[in-house]
Amino acid sequence: MEAKKRRYLTIIVAALFLLLISIAYWLMLPLWCAYRANVEQEIVLKVPQNATTEEVLAMLEPNLKSSFTLKQALHIKSLGEQVRAGYFRFAKGTDNITIIRRLQYNHQSPYKLVLSGNIRGMQRLAALLGERLMADSTAFADYFSSPDVLQLCNLNREELPSLILPNTYEVWWTISPKGFVERMIREHKAFWNSARLAKAESLGLTPAEVSTLASIVCEESNKRAELPIIAGVYINRLKRGMKLDADPTVKFAVGDFTLKRILYKHLSTESPYNTYLHKGLPPGPITIPSIEGIDAVLNYKEHNYLYFCASEALDGTHRFAQTLSEHNANAARYRAELNKRRIL
């Protein structure tokens, strides 16, 4: 009888021991899972507005070693039903608790916003920002066209593109349209340092006017070495009171940057931007010029050229001339080559 009692007691003790082990296991499992390295390949995560936890887990899952361990770790720190919008990069080997904490406290990664010149206007900029940042293109376009933005940056509507400097910026992916403009104002002030302002003043131009001329120069050539030379041509014309006669301004006035040939009918298009009809600079930039283009104007090449036209080689280079007769000969060669190749 005693032996039977001892056997029952042994069984009960063993059962209790297994129960305690099981309880400890399930209690410790989330903690064990929390510190497990779980990111198999770097994760770039863009969490949109109003994303649920389940949706975020589904976005993470393809690059995790184990979605089970992440879900278990969530028993320690819950994300709730929704996760705040943001941009996150999780390196290979990141553990579950780091993922959860960064999402929980919205510890975002900086986002590299690349804006390469030349950007053809604020509408195009709004489209690019809508593709790359959380806010959509409509939100950016609406803000760019609002009176608030002009008051904020102290520019008129035509000069607004001169605020933007195409470059690579570290921003928050969630940045608002107003936040973006405020960042551009800071970058603009830093770019227009005393040295650049002095060069602009020596030309008799404001920073916005420098950008306006740069936007024309950048549209004239994609050859870096030619930009300061072309800038010098236009500065020579401005100094002599000549019309700029810049083809890109005609394309802007017509509303078609794809024109391969500027015809007489295009030259007569009435617009304050048409420099074949109006002397001086247009009211504002025809594109958002590159920093390289702005510096090409500020550091223009001094020479005696007053004219230039595309080379008949059609390789993107130009022929420069001091006299109209020399220019007309260059232009005739260029037109002849266009006709020969039947380019309309």
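## Helix α11, salt bridges and ring pairs

Let's start with one residue: Glu292 is partly exposed, with 36% relative accessible area. Keep in mind that this is a predicted model. Across the whole structure, a search turns up 8 salt bridges, and the count of aromatic pairs comes to 11. Here's a tour, topic by topic.

**Salt bridges between separate parts**

- Glu292 meets Arg224 in a salt bridge, with 2.6 Å from N to O. Glu292 sits in helix α14 and Arg224 in the loop between α10 and α11, so this pair ties together parts that are 68 residues apart in sequence.
- How exposed is Arg224? Its relative accessibility is 63%, so Arg224 counts as exposed.
- Asp295 forms a salt bridge with Arg196, and the closest N and O atoms are 3.0 Å apart. Asp295 belongs to helix α14 and Arg196 to helix α9, so here the pair ties together parts 99 residues apart in sequence.
- Asp295 comes out at 22% relative accessibility; the cut-off for buried is under 20%, so Asp295 counts as partly exposed.
- Arg196 has another partner too: its charged end sits over the ring of Phe191, 3.7 Å from the ring's centre.

**A salt bridge inside one helix**

- Glu187 pairs up with Arg183 in a salt bridge whose closest N and O atoms are 2.9 Å apart.
- Both Glu187 and Arg183 lie in helix α8 (residues 177-191), and they are 4 residues apart, about one turn of the helix.
- Which side of the 20% cut-off does each one fall on? Glu187 has 24% relative accessibility, so it counts as partly exposed, while Arg183 has 17% and counts as buried.

**Helix α11 and its neighbours**

- Helix α11 covers residues 227-240, which makes 14 residues. From its first C-alpha to its last it reaches 20 Å, close to the 20 Å expected at 1.5 Å a residue.
- The buried residues of α11 include Leu227, Ile230, Val233, Tyr234 and Ile235. Asn236 and Arg237 are on that buried list as well.
- What do these buried residues pack against? Their partners are the helices α9 (194-203), α10 (207-220) and α14 (291-298), plus the strands β7 (307-310) and β8 (318-321).
- Right after α11 comes Gly241, with a positive phi near 75 degrees.

**Asn330 and its surroundings**

- Asn330 is found in helix α15 (residues 324-340). With a relative accessible area of 4%, Asn330 is buried.
- The side chains of Asn330 and Arg333 are joined by a polar contact of 2.4 Å.
- Leaving out residues up to four places away in sequence, Asn330 touches Cys309, Arg319, Phe320 and Ala321.

**Aromatic rings**

- Of the 11 aromatic pairs, one is made by Tyr87 and Tyr111. Is this pair stacked or edge-to-face? The planes are 85 degrees apart, and the pair is edge-to-face, with 5.0 Å from centre to centre.
- The pair links distant parts of the chain: Tyr87 is in strand β4 (residues 86-90) and Tyr111 in strand β5 (residues 111-114), 24 residues apart.
- Both tyrosines are tucked away: Tyr87 is buried at 4% relative accessible area, and Tyr111 is buried at 11%.
- Elsewhere, Tyr234, Tyr305, Phe308 and Phe320 form one aromatic cluster. You've met two of these already: Tyr234 is a buried residue of α11, and Phe320 touches Asn330.

Technical notes
Residues are numbered from 1 along each chain as its sequence is written. This is a predicted model: local features need pLDDT of at least 70, side-chain atom pairs count only at pLDDT 80 or more; totals for chains, interfaces and linings use all residues. Side-chain values use heavy atoms; hydrogens and water are left out. Helices (H or I, at least four residues) and strands (E, at least two) are DSSP runs, numbered from the N terminus. The expected span of a helix is 1.5 Å times one less than its number of residues. Buried means under 20% relative accessible area, exposed over 50%, partly exposed in between (1.4 Å probe, protein chains only). Contact means heavy atoms within 4.5 Å. A salt bridge is a side-chain nitrogen of Lys or Arg within 4 Å of a carboxyl oxygen of Asp or Glu. A polar contact is a pair of N or O atoms within 3.5 Å; within protein, one must be able to donate a hydrogen and the other to accept it, and residues adjacent in sequence count only if both atoms are side-chain atoms. Rings of Phe, Tyr and Trp (its six-membered ring) pair if their centres lie within 6.5 Å; planes under 30 degrees apart count as stacked, over 60 as edge-to-face and the rest as tilted. A charge sits over a ring if NZ of Lys or CZ of Arg is within 6 Å of the ring centre and within 35 degrees of the ring normal.
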